[in-house]
Amino acid sequence: MPSLLDYLDSLPAEDVLRISEPTDLDYLPTALVLELEKRKRFPVVIIEKPKGFDAPWVGNIFADRARIARIAGANPGPGPGGFNDVWQRCESQSLPSVVVPAGPVQEVVIEGAAVDAGKLPISRHFEHDAGRYISSGILICKDPDTGVRNLSYQRLQLKGPNRF
């Protein structure tokens with residue numbers, strides 16, 4: 001199964017803005033993305049060496065409709081084979097989820113007192129933000145009584161080592 005790294009490596013060079021020098025994550029990535037947007041440019045931004053973190057920062061993945069269509073295996077335009085057409089077909093043929101005991105996402109597992117989300121390269125976006133935020137976090141939850149699962153998109157403020 002392809003990973004995020006595989007996907008990023010598959011992007012055409014013009015779809016990626018790589019910043020290789022050490023870069024502060026307070027305000028700069030958000031300011032950069034907003035300035036690029038003003039100029040009608042929507043590359044995936046990769047900060048390879050965010051100051052104070054061991055992992056790269058990646059953003060703007062879903063900023064371009066044509067790129068989203070490619071992710072879905074569709075043409076960006078309307079009509080047959082277009083994104084809306086492919087999306088509707090996928091929605092009508094949904095597959096049941098399968099929970100597996102292991103997978104590539106579990107290559108690194110940190111549990112208990114060792115959990116420290118502060119080690120993740122999370123930005124402070126604006127001067128008046130109360131802290132660092134994941135701007136489009138995806139939560140996958142399971143109701144403890146019914147077992148029903150749900151997925152939602154959330155803005156998540158980092159509150160502590162194991163709390164958002």
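**Notebook: pockets, loops and rings**

I started with the second largest pocket, whose lining is made up of Phe 62, Ile 68, Ile 71, Ala 72, Phe 83, Val 86, Trp 87, Cys 90, Glu 91, Gln 93, Ser 94 and Leu 95. A reminder to myself: this is a predicted model. The pocket, second largest in the structure, holds about 380 Å³ of space. I sorted its lining by residue type and got nine nonpolar, two polar and one charged.

Next I looked up which helices build that lining. Helix H3 (65-71) and helix H4 (83-92) each bring at least two residues to the second largest pocket. H4 gives the most, with five residues.

From the pocket I moved to the loop between H3 and H4, where I found Gly 77. Gly 77 has a relative accessibility of 30%, so I noted this glycine as partly exposed. Beyond its neighbours within four places in sequence, Gly 77 is in contact with Gly 82 and Phe 83. Phe 83 was already in my notes as one of the residues lining the second largest pocket. I also took a long-range distance: Gly 77 and Leu 156 are 79 residues apart along the chain, and their C-alpha atoms are separated by 33 Å.

Then I checked two aspartates. Is Asp 15 buried or exposed? I found Asp 15 buried, because its relative accessible area is 14% and the cut-off for buried is under 20%. Asp 15 is in the loop between helix H1 (4-10) and strand S1 (16-19). Setting aside residues up to four places away in sequence, I listed Pro 43, Val 44, Arg 67 and Arg 70 as the residues that Asp 15 touches.

Asp 24 was my other aspartate, and I located it in the loop between S1 and helix H2 (28-38). Asp 24 comes out as partly exposed, because its relative accessibility is 34%. Which residues does Asp 24 contact, leaving aside its neighbours within four places in sequence? My list has Pro 29 and Lys 51. For Asp 24 and Lys 51, I noted a sequence separation of 27 residues and a C-alpha to C-alpha distance of 5.2 Å.

Last, I turned to the rings. My search of the whole structure for aromatic pairs found one. For any such pair, the distance of the centres and the angle of the planes are what describe it. I also looked at Tyr 133, where the charged end of Arg 155 sits over the ring, 3.8 Å from its centre.

Definitions and conventions: Residues are numbered from 1 along each chain as its sequence is written. This is a predicted model: local features need pLDDT of at least 70, side-chain atom pairs count only at pLDDT 80 or more; totals for chains, interfaces and linings use all residues. Side-chain values use heavy atoms; hydrogens and water are left out. Rings of Phe, Tyr and Trp (its six-membered ring) pair if their centres lie within 6.5 Å; planes under 30 degrees apart count as stacked, over 60 as edge-to-face and the rest as tilted. A charge sits over a ring if NZ of Lys or CZ of Arg is within 6 Å of the ring centre and within 35 degrees of the ring normal. Helices (H or I, at least four residues) and strands (E, at least two) are DSSP runs, numbered from the N terminus. Buried means under 20% relative accessible area, exposed over 50%, partly exposed in between (1.4 Å probe, protein chains only). Contact means heavy atoms within 4.5 Å. On a 1 Å grid over the protein atoms alone, a cavity is a set of points where a 1.4 Å probe fits but cannot get out, and a pocket is an open set with protein on both sides within 12 Å along at least five of seven lines; lining residues have an atom within 4 Å of a point. Grid points are joined across faces, edges and corners, and a volume is the space filled by probe spheres set on the points. Ala, Val, Leu, Ile, Met, Phe, Trp, Tyr, Cys and Pro count as nonpolar, Asp, Glu, Lys and Arg as charged, and the others, Gly among them, as polar.
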